[in-house]
Amino acid sequence: MDKVVFFHKAAIRLMVSIVKLLPMVLVSMWLGGVAYASDGHSNAAEVSSISTAPEVVFGSGITDTLVTSWVISLAIILLVRWLVGPRPGLIPGAGQAMIETILDGLQSIMEPIVGKKAFRQVFPLLFGYFVFILLQNWSGLFPGIGSILHKVGDSYLGILRPINSDLNATLAMALISLMAWMYLCIKHVGINGLYGHIFGNKAEKEGIPGFMYAFLFVIFFGVGLIECISVLFRGVSLSFRLYGNVFGGDNLLHNMYTFSEFLTNDGFVKTELFATISKAFGSVANVISFLIKYLAYLLPLPFYFLEILVGLIQAFVFTLLVAVYIGLIVNHEDEPHSIDLV
C-alpha cells in the first residue's frame, strides 16, 4: 500500500476514534459533577488538589493507581482478544486489520531507528510501551477515573487515578527500558563494542599525528564518562517527563471540575466582578451570570481534548526515546570505520 494512502487512512481512523470518545468524555463529566454535587459542595475552596502520592485503597500497599492499571490492563487484553478473535486469520477482519494497521505504522517509524538487526527483539517491548502508556494516559478520561471523589479528613480525593500519575510506575517503566537497553547492547555489539561506543577513540587515524591521536583517547574517555552520567539520567528524564505531564493533566481536569461546579452554583454572583458589572450595567449582569452558570458545564470539555492529544504525544515520545537510545548503540550497520579501544 502506498505510504501516503496508508498515513491518510491512519489519520482518518485516529480522528474517528477521537470523535467516538466524545460521548465518553461527556459521561465522565456528568459522573464527576454528580459525584461532587452529591456531597453538597458549594465552595470551590473545599476541594483540595490531587496529592502527589497515590492513595492506599485496599490496604497492603494496593493503591488507587495500581488498581486502575490492573483494570486497564485487563481491558487491553480483552479488547485485543475481541478485535482479533481466537486466532488471527490470513484474511483479517475489521478488528484484526485495525491492530495490524497500528503495528505497521509503528514498525515503519521504529525500524529505521532501531535497525533491522535488533528490531525483532525490541519491537514487542516498544509496541507494548506505546499501547500501555497510551491507554493508561487516556484512562484519566474514562468515566469514574479521577472524577468520583471520596472524603479523607478534610480533603476530597479520587478513588481511581491513572497509573502514569504515579511516579513509582513511570520510574519502573524507565528502569525496565534501561535494562532492555543494556541487554540488547551487550547481545548485539558485545561488552567490548559497548565500551568502544562509549569510551573508544572515534577519530580517523589517517591524517592525524600519532601523539594527537593518542591524546584523543583521553578526550574520548572523558566524553565517555559524561555519556555514562547521561545514560543514568535517562531513567530520570523518561519517568519525570511522563509523570509530570499526566499528573499535571490530572490536576488540570480536577481544577476545571471544581471551577465549573463553582460557577454552576452561582459562584460568579458572589464575586466582586459581578458586583462591578451589576453596578455599571444593571440587569445585563444577570444575563451574563445566567449564561455563565449554564455554559460552565462545558468548561472542562476543551481540556479533555487537550489531554487526548497530550496522552498520545507522551506515549509516542516515551516509545521513540527508548528506540533512539537502543538504536544509538545497536544500529551501526553503516559504520565507516572500526573504533579503537586503546
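Colleague: To what number of disulfides does the count come in this structure?
Modeller: The structure is a predicted model. A pair of cysteine sulfur atoms is counted as a disulfide when the two lie within 2.5 Å. By this rule, the count of disulfides is 0.

Colleague: Is Cys185 buried or exposed?
Modeller: A residue counts as buried when its relative accessible area is under 20%. For Cys185 the value is 0%. Since 0% is under 20%, Cys185 is buried.

Colleague: Which term applies to Cys228: buried, partly exposed or exposed?
Modeller: Buried requires a value under 20% and exposed a value over 50%. The relative accessible area of Cys228 is 28%. This value lies in between, and therefore Cys228 is partly exposed.

Colleague: How many helices and strands does the protein chain contain?
Modeller: Along the sequence, the pattern of the protein chain reads α-α-α-α-β-β-α-α-α-α-α. Counting each α as a helix and each β as a strand gives 9 helices and 2 strands.

Colleague: What percentage of the contacts with a separation of 6 or more joins residues 24 or more positions apart?
Modeller: The protein chain has 342 residues, of which 39% count as buried. Among its contacts with a separation of 6 or more, the share between residues 24 or more positions apart is 77%.

Colleague: What span do the end C-alpha atoms of helix H5 have?
Modeller: Helix H5 covers residues 167–199, which is 33 residues. At 1.5 Å a residue, a straight helix of that number would span 48 Å. Between its end C-alpha atoms, H5 spans only 32 Å.

Colleague: On which residue is the kink in H5 centred?
Modeller: The axis of H5 does not continue straight, as there is a kink of about 105°. The residue at the centre of this kink is Val189.

Colleague: How far apart are the end C-alpha atoms of helix H6?
Modeller: Helix H6 holds 55 residues, numbered 210–264. At 1.5 Å a residue, these should span 81 Å. The end C-alpha atoms agree with this expectation, being apart by 78 Å.

Colleague: At which residue does H6 bend?
Modeller: Although its span agrees with the expected value, H6 has a bend of about 35°. The bend is found at Phe233.

Colleague: Which residue just after H6 takes a positive phi?
Modeller: Helix H6 comprises residues 210–264. Just after this helix, a positive phi of about 60° is taken by Asp266.

Colleague: Which residue meets Arg234 in a salt bridge?
Modeller: The structure holds 1 salt bridge. Arg234 lies in helix H6, and its side chain takes part with an N to O distance of 3.3 Å. The other side chain is that of Glu227.

Colleague: Is Arg234 buried or exposed?
Modeller: Leaving aside residues up to four places away in sequence, Arg234 touches Leu178, Trp181, Glu227, Tyr325 and Leu328. Its relative accessibility is 8%, whereas Glu227 is partly exposed at 29%. Because 8% is under the 20% limit, Arg234 counts as buried.

Colleague: Which residues does Thr319 touch, not counting those up to four places away in sequence?
Modeller: Thr319 belongs to helix H9, residues 301–330. At 0% relative accessibility, Thr319 counts as buried. The residues that Thr319 touches are Met110, Leu126, Tyr129 and Phe130.

Colleague: What distance separates the C-alpha atoms of Ser165 and Ala53?
Modeller: Ser165 is in the loop between strand E2 (155–158) and H5, and counts as buried at 0% relative accessibility. Ser165 and Ala53 are 112 residues apart along the chain. The separation of their C-alpha atoms is 8.9 Å.

Colleague: With the side chain of which residue does the side chain of Ser165 make a polar contact?
Modeller: A polar atom of the Ser165 side chain lies 2.6 Å from the backbone oxygen of Pro162. The contact from side chain to side chain, at 3.2 Å, is with Arg161.

Colleague: Is Val56 buried or exposed?
Modeller: Val56 is placed in the loop between helix H1 (3–37) and helix H2 (64–84). Beyond residues up to four places away in sequence, Val56 touches Gly61, Ile62 and Thr63. Its relative accessible area is 51%. Because this is over 50%, Val56 is exposed.

Notes:
Residues are numbered from 1 along each chain as its sequence is written. This is a predicted model: local features need pLDDT of at least 70, side-chain atom pairs count only at pLDDT 80 or more; totals for chains, interfaces and linings use all residues. Side-chain values use heavy atoms; hydrogens and water are left out. Buried means under 20% relative accessible area, exposed over 50%, partly exposed in between (1.4 Å probe, protein chains only). Helices (H or I, at least four residues) and strands (E, at least two) are DSSP runs, numbered from the N terminus. Contact means heavy atoms within 4.5 Å. The expected span of a helix is 1.5 Å times one less than its number of residues. The bend at a residue is the angle between axes fitted to the seven residues ending there and the seven starting there. A salt bridge is a side-chain nitrogen of Lys or Arg within 4 Å of a carboxyl oxygen of Asp or Glu. A polar contact is a pair of N or O atoms within 3.5 Å; within protein, one must be able to donate a hydrogen and the other to accept it, and residues adjacent in sequence count only if both atoms are side-chain atoms.
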